[in-house]
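Open the model in your viewer and keep the selection tool at hand. The stops below go one at a time, each with something to select and a note on what is there.

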Amino acid sequence: SALVLCMDVGFSMSNSAPGQEPPFEQAKKVIQKFIQRQVFAENKDELALVLFGTDGTKNPLAQDGQYQNICVHRHLMLPDFDLLEEIEHQLQPGSQHADWLDALVVCMDLLQKETMGKKYERLNIALLTDLNTPSCADQLDIIISNLKKAGITLQFFLPFPVDADEGADGGGDAAGPRHPPHGGKGLSREQEQGLEMVKQVMTSLDEEDGLDEVYTFSDAVEKLSIFKCIETRPMAWPCQLTIGSSLSIRIVGYKAVSEMKVKKTWSVVDAESHQKDDVKRETVYCLGDDNETEVQKDDTIQGFRYGSDIVPFSKVDQEQMKYKTTGKSFAVLGFTRQELINRHHFMGIQVIKIFAARQDEHAAVALSALIHALDSLQMVAIVRYAYDSRSNPQVGAAFPCIKEKYECLMYVQLPYMEDLRQFTFPSLENNKKFAPSEAQLSAVDSLINSMMLVEEGEDGEKEDIFKVNQIPNPQFQRLFQCLHHRGVNPGAPLPPVEPWLKRILDRPQAVSARCQGPLQEMKKCFPLKEVVRKKEQKTSVDVFGNGEEPNAKKLKLDEEDKFNLAEISEGNITSVGSVNPAKDFRAVIQQKTLPFDQACEQLTHRMEQLLGSRSTDYYMKAITCIQAFREQSVKASNSELFNGYMQSLKRSVPDRNLQEFWDLLVHDALTLISKDEVESSSVSKQEADQFLKSEKKEEEAAAPVQDDGGDVDDLDSARPHVTGVCQQFLQDEGIEAMDWPARIPDLNPIEHIWDIQAPFEQARGLLFS
């Protein structure tokens, strides 16, 4: 369609009562909102902008002193952000007056000339004015005749309602004083005359509904505040509905309900040019070695993680693995009663309406018979559905749908066995402790009745007062609001969420008022008490015994913390890499090339990558990262980031199967940073000690008690010996492990055992060089 926005910017549009918004600003908002909707809807509608009441004149009809102070600001073209920016910054009120009928003629001339030879479904003019200028009605009948002849529709936007002049003096039905229609003032003589001409024009174009196309500025802003999403034309899906091998009906399907998603996704663009083409994305595959050896894409294949193993699949395997179908399918497998299809089993992201193929009388009769039979028997068809040969097949239910103007089948997907989540809960029927009293049941009933969203109207029919299908998606509305603001105001901060957008998902006011009493009754019947969990206080003696190793642990300040000439020659390190993340982290902290929090974020990202590899070598690398993380956090007197990460890591150990890594962490005593190390820490010394030892203590408590006469194994503290797998094996086999002093290899008794045992093992051929 082609639309001309015709806005009055004359002197009177800037006048308003104190505290009232001028009509000019209201009309400007209407135009902005309308163009925003057109831009984001991405339709093919063309738009022009004509201003009247301007200081200058710019239109093709301006001759011999006629059609003065009217400017064609923009000719017919697709609306864009440039137009929005022009309206935001360049559209200013004028100091002259112009006849709105002259402006209407200019708009008609523009539409006829610029649409000549083109096909448009609709030609429309939207005129925004306060009607506060004298207008000559001599040519009014000719204008109306030309509007009808050209097929141009008309809309008016005024600062007051179309019935603002009703109830004036002399009206016998007027009951009470007349209220000012806008701005605290009554209509001027020019406005009353102009309003009569508006009514004459609109009723002449459409006698019944013409006045419905006259809006107030405030109503228009409210309605246009809702952005329209991209309009999509319904796409037909032709197929054959089959029942067995002998009955086939030509059908066509359309999506009736489908999850709406934003068409334009986020993309990476150049920060200066804002052009996507200036940025090229490349994916590089590397081995997990220290050199990060690059691997060509052709030398890689997909792998599926199966337990702890990776099962490789080549491209040929992937193609052969697909569940291939014979093509499109809408095959009826059988019929069942509607009440056997549970509403909570409906799934998928779409509902499909199935109609008979166009201009196929036999298909229409056959499908109609099936629909009416299902409806009368209260049955549904269970259908095997496949969109095409590349799609996985679905099983769904086809419900009969008979409306006044059409009839169809409504297809809804049903779940497979794997889609259902089975939960078992204890029964409440036999537990008197949880049985509600009569007063409690009555209170709940009253609350439900008071919060009913269905009411009876004046005609006795039930009405829905909270129509979800008429509520815009707040996520989309907020996104469009921010996109428009950023496009028009590149340097300004984003605006807050508009109040109407916050209110759309609030409980209706009528319901809120009704449920206040029942809610108070609910509080009385179901009293709540705050339960404060008592925190058990444990001392370091409870956790560690009389050992003082954690207290004696000091920060290592070795040669690795200092830069040598080779490191300096490599230049500044600007990020935490994957080859030696611990070393890079220390470097960026000491060189101050990154803020501390960003460096910590990059380090934790590298640690998560290492932990996801589920390999002992990568676990060892992650341990060195945690050591560096703790060391630098203490130096920077910032314990919050380290402690937060460690607590989160501990919670995720069971779900991520990281017990082996946690055992290594416990062995190295890498615990939280306490107040004794950093004053700002919220962790006490006892809590830091408890953080690791509690895990070890639970494992020791779960271990079976062994007899003194059982096997005794002497293991040093090598990391393979202290893993969860090794410790669990010793417990399962009833083998007692001998304790030996940590970090003192000279006193390790196992070395003497090797000296004694070696000759015997060598004689049996069990030792290898």
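**First stop: the barrel**

Seven strands make a closed barrel in the order 7-8-14-17-16-15-13, and their pairing is mixed. From one strand to the next, the twist averages 40°. Keep in mind while looking that this is a predicted model.

Within the barrel, select residues 394–402, which are strand 16, and residues 407–413, which are strand 17. These two strands pair in the antiparallel sense, over seven bridges. To see one of the pairings, pick C401 and find its bridge partner, C408, in strand 17.

Stay in strand 17 and select Q413, which has its place there. Is Q413 buried or exposed? Its relative accessibility is 15%, and buried means under 20%, so Q413 counts as buried. Now show what surrounds this residue. Leaving out residues up to four places away in sequence, Q413 touches H345, F346, M347 and G348, and also Q394, V395 and G396.

**Second stop: the open sheet**

Move to the sheet of six strands, which is open and runs in the order 3-2-1-4-5-6 with mixed pairing. Its edges are strand 3 (70–77) and strand 6 (214–216), each of which pairs on one side only. On average, neighbouring strands of this sheet are turned by 15° against each other, with direction ignored.

Select residues 2–8 for strand 1 and residues 46–52 for strand 2. Here the pairing is in the parallel sense and covers seven bridges. D8 is a place to zoom in: opposite this residue, in strand 2, stands F52.

Next, add helix 3, residues 100–114, which packs on the sheet. Helix 3 touches strand 1, strand 2, strand 3, strand 4 (123–128) and strand 5 (152–158). The direction of helix 3 makes about 30° with that of strand 3.

Then add helix 5, residues 189–205, which also packs on the sheet. Which strands does helix 5 touch? The contacts are with strand 5 and strand 6, and the direction of helix 5 makes about 150° with that of strand 5.

**Third stop: along helix 5**

Keep helix 5 selected and look at its two ends. The end C-alpha atoms are 25 Å apart. At 1.5 Å a residue, the 17 residues of this helix should span 24 Å, so the two values agree.

Now colour the buried residues of helix 5: Q191, G194, L195, M197, V198, K199, V201 and M202. What covers them? The cover includes helix 3, helix 4 (140–150), strand 5 and strand 6.

**Fourth stop: a pair of helices**

Select helix 1, residues 23–41, together with helix 2, residues 81–89. Their axes come within 10 Å and cross at roughly 170°. An angle over 145 degrees counts as roughly antiparallel, so helix 1 is roughly antiparallel to helix 2. The crossing of helix 1 past helix 2 is left-handed.

To see where the two helices meet, show side chains on both. From helix 1 come K28, I31, Q32, I35, Q36, V39 and F40. From helix 2 come F81, L83, L84, I87 and E88.

**Last stop: the whole chain**

Clear the selection and show everything. The protein chain has 24 helices and 21 strands. Of its 769 residues, 35% count as buried. Among contacts in the chain with a separation of 6 or more, 69% are between residues 24 or more positions apart.

Conventions. Residues are numbered from 1 along each chain as its sequence is written. This is a predicted model: local features need pLDDT of at least 70, side-chain atom pairs count only at pLDDT 80 or more; totals for chains, interfaces and linings use all residues. Side-chain values use heavy atoms; hydrogens and water are left out. Two strands pair if DSSP finds at least two bridges between them. Helices (H or I, at least four residues) and strands (E, at least two) are DSSP runs, numbered from the N terminus. Axes are lines fitted to C-alpha atoms, for helices over the stretch in contact, and angles run from 0 to 180 degrees between N-to-C directions. Contact means heavy atoms within 4.5 Å. The expected span of a helix is 1.5 Å times one less than its number of residues. Buried means under 20% relative accessible area, exposed over 50%, partly exposed in between (1.4 Å probe, protein chains only). Angles under 35 degrees count as roughly parallel, over 145 as roughly antiparallel, 65 to 115 as roughly perpendicular and the rest as oblique. A crossing is left-handed if the near helix is turned anticlockwise from the far one by less than a right angle, and right-handed if clockwise.
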